[in-house]
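Student: I'd like to go through the helix packing and the empty spaces in this one. Can you pull it up?

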Amino acid sequence: MKRLFAILTLLGAISVAAPTWAEEKPAAAVPASSAVVGAESTAGVAAPAAAASSSAAPAATPTPQANKGDNAWVMISAAFVILMSIPGLALFYGGLVRSKNMLSVLMQVFVTFSLISILWVAYGYSLAFTEGNGFFGVFDKTFLKGITVDSVAATFSKGVVVSELAYVIFQGAFAAITCGLIVGAFAERARFSAILVFMVVWFTLSYLPMAHMVWYWAGPDAYVDAAAGEAAGKTAGFLFQKGALDFAGGTVVHINAAIAGLVGAIVIGKRIGYGRESMAPHSLTFTMIGASLLWFGWFGFNAGSALEANGSAALAMVNTWVATACAALSWMLAEWLLKGKPSMLGAASGAVSGLVAITPAAGFVGPLGAIAIGLLAGIICLWGVNGLKRMIGADDSLDVFGVHGVGGVLGALLTGVFAAPSLGGTGVYDYVANKVGDYDMGAQLISQFWGVGTVIVWSGIVSFVAFKLVDLIIGLRVPEEEEREGLDITAHGESAYHY
């Protein structure tokens with residue numbers, strides 16, 4: 001009966017998003033869009049470009065045409081981000097659990113990716129990237145209504161656009177991997193059906209509003225003068241209006257998912273035998289392969305967030321490269337000093353911590369800033385998965401909070417420091433003056449704290465309520481005997497290995 005209820009809940013959540021077509025106002029030909037900034041910047045798309053009209057005056061400005069190179073880069077980047085989820089994240093997580101739970105983790109990541117992909121098309125894109133209020137968009141583009149092969153979305157350069165469909169899948173891949181990250185925090189003990197129902201609720205009430213708050217704006221073409229810029233700013237997401245910088249998802253993706261994972265680990269409780277029995281990773285080979293695929297795919301994640309194949313994308317790519325290498329080395333060396341031996345797990349974990357920390361800063365900081373962020377990320381996230389984890393006392397199975405939460409907070413705050421032009425950063429672009437504006441590090445740090453604080457509180461509350469509701473209705477945790485036997489057999493009737 002519980003399984004039937006879970007299935008009906010999932011179907012109901014999807015059907016709620018279905019629009020009453022007759023009541024909707026027509027969708028704009030181009031999406032309104034996302035984040036602010038620096039010389040070009042964040043993962044949110046930019047402003048709507050004017051749609052061509054048969055009744056337009058002859059002297060009207062021609063509708064911008066998508067550049068094929070930019071279009072290709074965004075689509076390739078979307079594929080890179082999908083690779084990060086499946087197989088990258090799945091293998092990284094799968095290698096870290098015990099062999100009896102390998103398939104369960106692969107299944108959770110794979111099916112979560114599939115579920116969120118459908119929800120994104122059904123209503124997620126519309127709620128995240130249409131003009132509504134500071135926290136949510138509207139349902140005008142449910143099931144991608146009104147979006148055609150000719151629809152375009154602006155980038156971070158005035159008059160430059162990309163295909164809206166390319167932007168849809170790029171942002172959809174972000175949403176899917178964010179939800180996939182969460183499952184690592186309570187791996188090896190959660191009900192599969194409960195995870196799926198939780199994902200529907202959390203995606204709707206935490207991911208979508210955070211994406212809208214940080215990345216939705218009217219876009220650069222709306223900033224023709226000071227008055228127009230002020231009016232456009234009032235339609236942007238709450239944190240965009242606060243000036244928070246997040247190039248590719250430090251708050252929206254990493255801190256958001258990490259808080260949800262930590263709350264889940266606490267609410268669900270510790271694994272049986274935690275702290276008494278060995279729970280060592282069963283295959284660091286898979287974990288290394290997964291980490292390498294994550295690093296590869298992250299170039300699309302960060303550099304693709306420039307939305308153009310230009311210098312900003314190249315800067316984000318270089319920063320992603322060097323910050324990750326620095327973090328892998330600093331984690332490994334710190335562990336070597338503390339434990340006497342460098343480990344493969346430490347190097348792989350360090351690399352991921354560097355990827356996380358550079359994400360919000362990728363297009364805003366210079367290479368020296370990226371090196372500093374990477375070196376700090378490796379050391380501080382090592383503390384996050386050891387000292388901080390013991391202080392909290394939660395069984396965060398695969399250290400989602402220690403890496404993504406701690407790394408995300410570090411990266412978000414350091415973005416405010418190293419984005420300064422005096423430290424090699426790009427500064428913040430003023431679209432009214434059409435130049436980089438004067439940079440106030442103190443004010444920017446306050447904006448960054450707004451972003452970090454908001455996502456911690458928002459995700460924490462939504463996650464706690466969602467987990468409690470799912471536990472009440474379905475039950476979050478598998479029975480003890482099933483947990484001891486392993487979720488591969490008890491939940492899915494399969495084994496990863498036969499020997």
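**Helix crossings and enclosed space**

Tutor: Helix 3 and helix 5 are oblique to each other, in what is a predicted model.

Student: At what angle do the axes of helix 3 and helix 5 cross?

Tutor: Roughly 40°, with the axes of helix 3 (residues 102-128) and helix 5 (residues 192-215) coming within 10 Å. The crossing of helix 3 past helix 5 is right-handed.

Student: Which residues of helix 3 and helix 5 meet?

Tutor: On helix 3 they include Val111, Leu115, Leu119 and Tyr123, and on helix 5 they include Leu196, Met199, Phe203 and Tyr207. By class, the contact of helix 3 with helix 5 has 18 nonpolar, five polar and no charged residues.

Student: Now helix 8 and helix 14. How do their axes cross?

Tutor: The axes of helix 8 (residues 250-268) and helix 14 (residues 441-473) come within 8 Å and cross at roughly 40°. That makes helix 8 oblique to helix 14. Helix 8 passes helix 14 in a right-handed crossing. Among the residues in contact are Ile259, Val263 and Gly264 of helix 8, and Val455, Ser459 and Lys468 of helix 14.

Student: And by class, what does the contact of helix 8 with helix 14 have?

Tutor: There are 10 nonpolar, seven polar and one charged residues in the contact of helix 8 with helix 14.

Student: Switching to pockets. How much space lies in the largest pocket?

Tutor: About 670 Å³. The largest pocket has 30 lining residues, and Leu345, Val385, Lys389, Ser397 and Asp399 lie nearest its centre. Helix 12 gives the largest share of that lining, five residues.

Student: How does the lining of the largest pocket divide by class?

Tutor: Into 16 nonpolar, six polar and eight charged residues.

Student: What about closed space: how many cavities of 30 Å³ or more are there?

Tutor: Two cavities reach 30 Å³ or more. The largest cavity holds about 70 Å³. Its lining includes Val385, Lys389 and Asp399, three residues that are also among those nearest the centre of the largest pocket. Helix 12 supplies the largest share of the lining of the largest cavity, four residues. By class, that lining has five nonpolar, two polar and three charged residues.

Student: And the second largest cavity, which residues line it?

Tutor: Met84, Leu89, Phe92, Tyr93, Ile177, Leu181, Leu294, Trp298, Val352 and His404. The second largest cavity has a volume of about 50 Å³. Its lining divides into nine nonpolar, one polar and no charged residues, and helix 2 gives the largest share, four residues.

Key
Residues are numbered from 1 along each chain as its sequence is written. This is a predicted model: local features need pLDDT of at least 70, side-chain atom pairs count only at pLDDT 80 or more; totals for chains, interfaces and linings use all residues. Side-chain values use heavy atoms; hydrogens and water are left out. Axes are lines fitted to C-alpha atoms, for helices over the stretch in contact, and angles run from 0 to 180 degrees between N-to-C directions. Helices (H or I, at least four residues) and strands (E, at least two) are DSSP runs, numbered from the N terminus. Angles under 35 degrees count as roughly parallel, over 145 as roughly antiparallel, 65 to 115 as roughly perpendicular and the rest as oblique. A crossing is left-handed if the near helix is turned anticlockwise from the far one by less than a right angle, and right-handed if clockwise. Contact means heavy atoms within 4.5 Å. Ala, Val, Leu, Ile, Met, Phe, Trp, Tyr, Cys and Pro count as nonpolar, Asp, Glu, Lys and Arg as charged, and the others, Gly among them, as polar. On a 1 Å grid over the protein atoms alone, a cavity is a set of points where a 1.4 Å probe fits but cannot get out, and a pocket is an open set with protein on both sides within 12 Å along at least five of seven lines; lining residues have an atom within 4 Å of a point. Grid points are joined across faces, edges and corners, and a volume is the space filled by probe spheres set on the points.
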